[in-house]
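Please open the model in a viewer and keep the sequence panel visible. The tour below proceeds by selections, each followed by a description of what is found there.

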Amino acid sequence: MNDFVSKPVNPQTLATVIGKWIPQKAIPVPGSFPSSIPSSAPSVFDKAGLEARLDGDELLARELLVSFLRTVPLEMEALKKLLKAEDAPGVQFKAHAIKGVAANLSCGEIFATALAMEMAAKASDLEAVKSCLTDLERQFDRLKIVVKEAFP
């Protein structure tokens, strides 16, 4: 199997790729789903995009976001330690992990910033990563507010 499905995973794309390898009768093909990360300026949070990927399950969306909101501060602290140690590969790995989860949860700004951090770390530009970390913290604070409003 050599097909690649990028994050955030779109159920239609995934079903199409899986359909190449499994007989069509074996898998249901979902209807069309919107992309979670818009091609225009990223949003703080795209509730509709997340819920579409979760087949409308608002409770699951809330649970995943609560978990993300609990773990991001820990991930940012880990990033700070890696930056202090000047561990560019470690920073790249940590930024990649944050990016993937943010993409899957439709947290567009955090996704975009984590991507920039990942690319800067790959280029060993840790000063750029430090600058991005400030943006990430600000975006995370906004995300907490937006999620609270989205799930009263």
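Are H3 and H4 roughly parallel or roughly antiparallel to each other? To find out, select both helices in this predicted model: H3 covers residues 58-84 and H4 covers residues 88-104. Their axes cross at roughly 160 degrees and come within 9 Å. An angle over 145 degrees counts as roughly antiparallel, and H3 and H4 are therefore roughly antiparallel to each other. The crossing of the two is left-handed. On the H3 side, the contact is made by Phe68, Glu75, Ala78, Leu79, Leu82 and Leu83, and H4 contributes residues including Gly90, Val91, Ile98 and Ala102.

**The whole chain**

Next, display the entire chain as a cartoon. Six helices and zero strands are present, giving the pattern α-α-α-α-α-α along the sequence. Of the 152 residues, 41% are buried. Among contacts with a separation of 6 or more, 59% join residues 24 or more positions apart.

**H3 against H6**

Keep H3 selected and replace H4 with H6, residues 126-150. H3 and H6 pack with their axes 11 Å apart, at an angle of about 160 degrees. That angle makes H3 roughly antiparallel to H6, and the crossing of H3 and H6 is left-handed. To view the contact, show side chains such as Leu65, Phe68, Leu69 and Val72 of H3, together with Leu133, Leu136, Phe140 and Leu143 of H6, which are among the residues that make it. Phe68 of H3 also takes part in the contact with H4.

**The nonpolar core**

Now turn to the interior. The largest nonpolar core has 37 residues, and Phe45, Cys107, Ile110 and Leu143 have the most contacts inside it. Helices H3, H4, H5 (108-122) and H6 each supply at least two residues of this core.

**Cys107 and Cys132**

Select Cys107 and show what surrounds it. Leaving aside residues up to four places away in sequence, Cys107 touches Ser43, Val44, Phe45, Leu65, Phe68, Ala102 and Leu143. Is Cys107 buried or exposed? Its relative accessibility is 0%, so Cys107 counts as buried. Move on to Cys132, which has a relative accessible area of 13%. Buried means under 20%, so Cys132 is buried too. How many disulfides does the structure hold? The number is zero.

Methods: Residues numbered from 1 in each chain as written. Predicted model: local features only at pLDDT ≥ 70, side-chain atom pairs only at ≥ 80, totals over all residues. Heavy atoms only, no water. Core = buried A, V, L, I, M, F, W, Y, C linked by side-chain atoms within 4.5 Å. Buried < 20%, exposed > 50% of the residue type's maximum accessible area, 1.4 Å probe, protein only. Helix = DSSP H or I, 4+ residues; strand = E, 2+ residues; numbered from the N terminus. Contact = heavy atoms within 4.5 Å. Disulfide = S-S within 2.5 Å. Axes fitted to C-alpha atoms, helices over the stretch in contact; angles between N-to-C directions. Parallel < 35°, antiparallel > 145°, perpendicular 65-115°, else oblique. Left-handed = near helix turned anticlockwise from the far one by under 90°.
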